[in-house]
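Open the structure in your viewer and keep the selection tool at hand. The tour below goes from one selection to the next.

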Amino acid sequence: SPETRDTIPDDDSLHIVLMRGNKRLLHHSVCKEVTIIWQGDVLDLHSDFSVNCENVSGSVHAGGSVNCDDVNGSVNAGGNVNCDDVNGPVHAGGNVTCESVEGNVQAGGMATCGSVSGSVNSGKDMMAKMWKEMMP
């Protein structure tokens, strides 16, 4: 059964969902794009949609793609992930492009990262360039 507004945790996280009445819609066949402009800090971000943001002090969980500057926690996305620095693991259904990741990277597509402190697993060609290998 679909979640209702009563089953979403009452925490400091930002939750972006599509509801019909008090029921959460998990399949967005009628909604192609949602744009949210948020000014200010975000602790954790949970979205059924793609996310474009600046800095997140916690983690990002998105049903679509994630495009952010710095994320101080983990990133989980159904689509692509494009971030500067992530201080946790990254899991993406699509491609991952990041400057640095402090954790593992799991990508359904290609992984292109400047540095990764953990392992990199990708569904396609892996293009992870480790800074420590590039530095003399």
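Start by selecting Ser 59. Its relative accessibility is 14%, and because buried means under 20%, Ser 59 counts as buried. The model you are looking at is predicted. Ser 59 sits in a loop, with β5 (51-53) on one side and β6 (60-62) on the other. Now show what surrounds this serine. Setting aside residues up to four places away in sequence, Ser 59 touches Leu 43, Asp 44 and Leu 45, and also Val 71, Gly 73 and Ser 74.

Next, move to Ala 62, which lies in strand β6. Is Ala 62 buried or exposed? Ala 62 has a relative accessible area of 9%, so it is buried. Display its contacts, again without the neighbours within four places in sequence: Ala 62 is in contact with Ser 47, Phe 49 and Val 51, and with Asn 76, Ala 77 and Gly 78. Then draw a distance from the C-alpha of Ala 62 to the C-alpha of Val 75; it comes to 8.2 Å, for two residues 13 apart in sequence.

Zoom out for the whole chain. The protein has 15 strands and one helix. Of its 136 residues, 35% are buried. Switch on the surface: the accessible area is about 8,200 Å², and carbon and sulfur atoms hold 48% of that. Among the contacts with a separation of 6 or more, 8% are between residues 24 or more positions apart.

With the surface still on, select Glu 54, Asp 69, Asp 70, Asp 84, Asp 85, Glu 99 and Glu 102. These residues form a negative surface patch. Pick out one member of the patch, Glu 99, which is found in strand β11 (residues 96-101). At 45% relative accessibility, Glu 99 falls between the cut-offs of 20% and 50%, so it counts as partly exposed.

The last stop is Gly 123. Where is Gly 123 placed? Gly 123 is in the loop between β14 (120-122) and β15 (126-128). Its relative accessibility is 57%, and since exposed means over 50%, Gly 123 counts as exposed. Not counting residues up to four places away in sequence, Gly 123 touches Ala 107, Gly 108 and Gly 109. Finally, draw a line between the C-alpha atoms of Gly 123 and Gly 94: they are separated by 8.7 Å, and the two residues are 29 apart along the chain.

Technical notes
Residues numbered from 1 in each chain as written. Predicted model: local features only at pLDDT ≥ 70, side-chain atom pairs only at ≥ 80, totals over all residues. Heavy atoms only, no water. Helix = DSSP H or I, 4+ residues; strand = E, 2+ residues; numbered from the N terminus. Buried < 20%, exposed > 50% of the residue type's maximum accessible area, 1.4 Å probe, protein only. Contact = heavy atoms within 4.5 Å. Patch = residues over 30% accessible without salt bridge, like charges linked within 9 Å, V, L, I, M, F, W, Y side chains within 5 Å. Areas by Shrake-Rupley, 256 points an atom, 1.4 Å probe, with all protein chains shown as cover. Salt bridge = Lys/Arg side-chain N within 4 Å of Asp/Glu carboxyl O. Lys, Arg positive; Asp, Glu negative; His and termini not counted. Charge placed at Lys NZ, Arg CZ, Asp CG, Glu CD.
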